[in-house]
Structures are given as structure tokens and as C-alpha cells.
Amino acid sequence: MKLVADDCIIIDPKGEIVDRTRFFEVIQSGALMHDLMESEDFRVRVYGDSAVVTALTRTKGKFMGQEFSTQERATDVFVKREEQWQCVLTHLTGFPK
């Protein structure tokens with residue numbers, strides 16, 4: 001089973017929704033490339049078969065040929081399905097550097 005659920009969505013810092021299919025298409029096409037992806041300040045809360053994970057993330061790379069550098073607070077929601085944890089939602093909030 002996969003770590004990212006088929007119905008997973010990402011809410012970016014602008015409030016736009018990106019579904020799993022679109023996210024992986026962008027990565028596979030090479031339009032999105034990361035040079036750095038790191039996280040710290042993790043907090044994990046488990047509620048039965050659901051869990052909420054928050055972290056401070058830093059990324060650096062290129063999107064559509066344009067360089068970018070971000071620092072964001074990420075919130076991920078996981079659901080346990082058939083004894084496997086799957087991410088069903090990622091929400092990114094801009095965080096001043």
C-alpha cells in the first residue's frame with residue numbers, strides 16, 4: 001500500500017488545492033525539482049486511526065524553470081487503512097524566514 005492515499009490533496013500557501021495525480025504529474029515531468037527538503041520541530045498527535053503531524057519545513061528548488069526557496073509550517077493528516085498509515089491531506093502555511 002502507498003504512503004500517499006489516492007484521494008490525498010495538498011492545500012498550498014495560496015489556498016489552492018492540488019490533487020495527488022496532478023502533484024505526481026508535475027514531479028514526473030521535471031517541472032518541479034527540489035534541491036533541498038528538510039523538516040524539523042515535528043509534533044505528532046494520534047487519535048485512534050487518525051494522526052496529525054505538524055512540522056516546520058524548508059525547501060529549495062525549481063518550478064517551471066524558476067528558482068524558489070520556502071519556509072512553511074506543514075500540517076499532514078494521516079489515516080490508518082488496512083494497517084498502513086496513509087496521508088490524506090497536506091496543508092502548507094507560509095512562515096517568515
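**Sheet, helix and side-chain pairs**

Modeller: Helix α1 lies across β1, β2, β3 and β4, and runs at about 80 degrees to β2. The model is a predicted one.

Biologist: What makes this sheet an open one, and in what order do the strands stand?

Modeller: The order of the 6 strands is β2-β1-β6-β5-β4-β3, with mixed pairing. Both β2 (17–19) and β3 have a single partner strand, so each is an edge strand with one side lacking a neighbour in the sheet. Averaged over neighbouring strands and ignoring direction, the turn of one against the next is 20 degrees.

Biologist: How do you know that β1 and β2 are paired?

Modeller: Pairing requires at least two bridges. Strand β1 (residues 4–11) is joined to β2 by 3 bridges, so the two count as paired. They run antiparallel. Across this pair, Ile11 stands opposite Ile17 of β2.

Biologist: Why are Cys8 and Cys87 not called a disulfide?

Modeller: The cut-off is 2.5 Å between the sulfur atoms. The cysteine sulfur closest to that of Cys8 is the one in Cys87, at 4.1 Å, which is too far for a bond. Seen from the other side, Cys87 has the sulfur of Cys8 as its nearest cysteine sulfur, and Cys87 is in no disulfide. The count of disulfides in the structure is 0.

Biologist: Are these two cysteines buried or exposed?

Modeller: Buried means under 20% relative accessible area. Cys8 has 5%, so it is classed as buried. Cys87 has 7%, and therefore falls in that class too.

Biologist: What makes Asp6 and Lys2 a salt bridge?

Modeller: The nitrogen must be within 4 Å of the carboxyl oxygen. For the side chains of Asp6 and Lys2, the N to O distance is 2.4 Å, so the pair qualifies. Asp6, at 56% relative accessibility, is above the 50% limit and so is exposed. Lys2, at 36%, is partly exposed. The structure has 8 salt bridges.

Biologist: Why is the pair Arg22 and Glu25 also called a salt bridge, and where do the two residues lie?

Modeller: Their N to O distance is 3.9 Å, which is within the 4 Å limit, so the name applies. Arg22 and Glu25 belong to helix α1 (residues 20–29), and their spacing of 3 residues is about one helical turn. An α-helix has 3.6 residues a turn, so residues three or four places apart point the same way. Arg22 is partly exposed at 47%, and Glu25 is partly exposed at 41%.

Biologist: What is found at the two ends of α1?

Modeller: At its start, a side-chain oxygen of Asp19 comes to within 3.2 Å of the backbone nitrogen of Thr21. Just after the helix, Gly30 has a positive phi of about 90 degrees.

Biologist: Which parts of the chain does the salt bridge between Arg58 and Glu38 tie together?

Modeller: The closest N and O atoms of Arg58 and Glu38 are 3.0 Å apart. Arg58 is in strand β4 (residues 50–63) and Glu38 is in strand β3 (residues 32–47), so the bridge ties together parts 20 residues apart in sequence. Arg58 has a relative accessible area of 22% and is therefore partly exposed. Glu38 is partly exposed at 35%. A network of salt bridges links Glu38, Glu40 and Arg58.

Biologist: Why is Thr59 called buried?

Modeller: Its relative accessibility is 11%, under the 20% limit, so Thr59 is buried. Thr59 is part of strand β4.

Biologist: What makes the pairing of Thr59 with Thr70 a polar contact?

Modeller: The limit is 3.5 Å. The contact between these two side chains is 2.3 Å, so it is inside that limit. Neighbours within four places in sequence aside, Thr59 also touches other residues, including His34, Leu36 and Phe68.

Biologist: How does His34 class by accessibility, and which residues is it in contact with?

Modeller: At 33%, His34 lies between the 20% and 50% limits, so it is partly exposed. His34 is located in strand β3. Apart from neighbours within four places in sequence, its contacts are Thr59, Lys60, Gly61 and Phe68. Although His34 and Lys60 are 26 residues apart along the chain, their C-alpha atoms are separated by 5.8 Å.

How values were computed. Residues are numbered from 1 along each chain as its sequence is written. This is a predicted model: local features need pLDDT of at least 70, side-chain atom pairs count only at pLDDT 80 or more; totals for chains, interfaces and linings use all residues. Side-chain values use heavy atoms; hydrogens and water are left out. Buried means under 20% relative accessible area, exposed over 50%, partly exposed in between (1.4 Å probe, protein chains only). Helices (H or I, at least four residues) and strands (E, at least two) are DSSP runs, numbered from the N terminus. A polar contact is a pair of N or O atoms within 3.5 Å; within protein, one must be able to donate a hydrogen and the other to accept it, and residues adjacent in sequence count only if both atoms are side-chain atoms. Contact means heavy atoms within 4.5 Å. Axes are lines fitted to C-alpha atoms, for helices over the stretch in contact, and angles run from 0 to 180 degrees between N-to-C directions.
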